[in-house]
There are 2 protein chains.
Amino acid sequence: MSSVQVNSVRMNDAPAWLSPAEQHAWRAFIRLHQKLWATLERDLKARKLSGADFQILVALTDTSDGRQRFQDLANTIEWEQSRLSHQIARMIKRGLVARDECTEDGRGAFVAITPAGRKAIEAAAPHHVAMVRRLFIDALSPDELDTLARLSNRVLEQLDNVPP
Amino acid sequence: MSSVQVNSVRMNDAPAWLSPAEQHAWRAFIRLHQKLWATLERDLKARKLSGADFQILVALTDTSDGRQRFQDLANTIEWEQSRLSHQIARMIKRGLVARDECTEDGRGAFVAITPAGRKAIEAAAPHHVAMVRRLFIDALSPDELDTLARLSNRVLEQLDNVPP
DNA sequence: CCCAACTACATGGCGTGTCATCTACCTCCA
DNA sequence: TGGAGGTAGATGACACGCCATGTAGTTGGG
């Protein structure tokens, strides 16, 4: 969490913090993501969509009929069910999506993109993609991009193996 | 924001989304950070501190007298002033920090770590550092860590140059 | 057929973050 | 010296995310 040296805390069996090189890498990685993400969020918000909205709308756009069951949608975008439920409730209020009851299963429901939702994502997506290019992709060569992907995936594997 | 292909949206002057390789790198980078951050947050919360608490307490611990002006603290950790104000208000309620009035400037105030705050950070920090090691540092070789830092800093520069 | 266990989604509470706005105080110059 | 304008921080409204819990509807074994 922190990007600052903890001087006053020590352990017995391991270095209390990180070596300068380790700390440098850790800080750079964290700062990069936070600034990048914040910039993209602000940019989207200026077009009246949050990152969360965007993700939902893209996922719905990617289905043939523009709708998906809550569970499936939650799995697609790797969200907790309650997070999705809250988010969809907010988006329904704003008319971006609608809730379709499910006839086969009385408990279930579909989330369906509305025409307004489609209009919103179509208005925001090109600019957003251009931003991702400008801020991230264009800063690195194809080789470097590959390297970054490889390293990221390596750490992701570590995460899957460790997480008690 | 999204990690899903936008099939139905096109631009005239640029690819509508990212090439497979670009998308792969972008997705991996985003997913890594989100999972890593979420894991660390959950781990800290189990010890009754949020990432935000942790960052504040570390920054205060790093000063000689355990206190700092709001502005200075905000600059140190790169937060907006109002975010800091809200956060400190919450931490005061929990007794982790205190507000010291500033005699030289009647508007200003210091945030000061309390004994309880010190106890909390000292209890949490070693475990947290160990987690950062386990989840992130140990997944990569020193060379790879350097590479990651270099690439991160490159993108950060791009961010500083572009942001309008 | 019936009810217990399970599933799908909703909801409330709380901590968090942003933006816009407010208040108190300070500075500096006419 | 007396405002005008700037600065330090607080606050209210709202969106977001997590956890725990609630409520329908469904299913399967007896």
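**The surface near DNA strand D and a strand of chain B**

In this predicted model, the surface near DNA strand D draws at least two residues from each of three helices, namely helix H4 (81-93) of chain A and, from chain B, helix H3 (70-77) and helix H4 (81-93). The largest share, five residues, is supplied by H4(A). Sorted by class, this surface holds 11 polar and nine charged residues beside two nonpolar ones.

Of the 22 residues around DNA strand D, those that come nearest are A:Arg90, B:Gln71, B:Ser85, B:His86 and B:Arg99, and of the atoms of the strand that come within 4 Å of the protein, 64% belong to sugar and phosphate. Individual polar contacts add detail to this picture. The side chain of A:Arg90 places an N or O atom 2.5 Å from a phosphate oxygen of DNA strand D, and the side chain of B:Ser85 likewise has an N or O atom 2.5 Å from a phosphate oxygen of that strand. For B:Arg107, by contrast, the partner is a base oxygen of DNA strand D, which lies 2.8 Å from a polar side-chain atom of this residue.

We turn now to the strands of chain B. Strand S3 (residues 109-113) of chain B pairs in the antiparallel sense with strand S1 (residues 67-69) over three bridges, one of which matches B:Gln68 with B:Val111. Strand S2 (residues 97-101) of chain B also runs antiparallel to S3(B), joined to it by five bridges, and here B:Val97 has B:Ile113 as its bridge partner.

How many of the five residues of S3(B) are buried? Five of the five are, and the strand is mostly covered. In a regular strand, side chains alternate between the two faces of the sheet. In S3(B), B:Ala109, B:Val111 and B:Ile113 are buried on one side, and B:Phe110 and B:Ala112 are buried on the other, which leaves both faces covered.

Note on methods:
Residues are numbered from 1 along each chain as its sequence is written. Chains are lettered from A and ligands numbered from 1 in the order in which they are written. This is a predicted model: local features need pLDDT of at least 70, side-chain atom pairs count only at pLDDT 80 or more; totals for chains, interfaces and linings use all residues. Side-chain values use heavy atoms; hydrogens and water are left out. A residue is near a molecule or strand if one of its heavy atoms lies within 4 Å of it. A polar contact is a pair of N or O atoms within 3.5 Å; within protein, one must be able to donate a hydrogen and the other to accept it, and residues adjacent in sequence count only if both atoms are side-chain atoms. Helices (H or I, at least four residues) and strands (E, at least two) are DSSP runs, numbered from the N terminus. Ala, Val, Leu, Ile, Met, Phe, Trp, Tyr, Cys and Pro count as nonpolar, Asp, Glu, Lys and Arg as charged, and the others, Gly among them, as polar. Buried means under 20% relative accessible area, exposed over 50%, partly exposed in between (1.4 Å probe, protein chains only). Two strands pair if DSSP finds at least two bridges between them.
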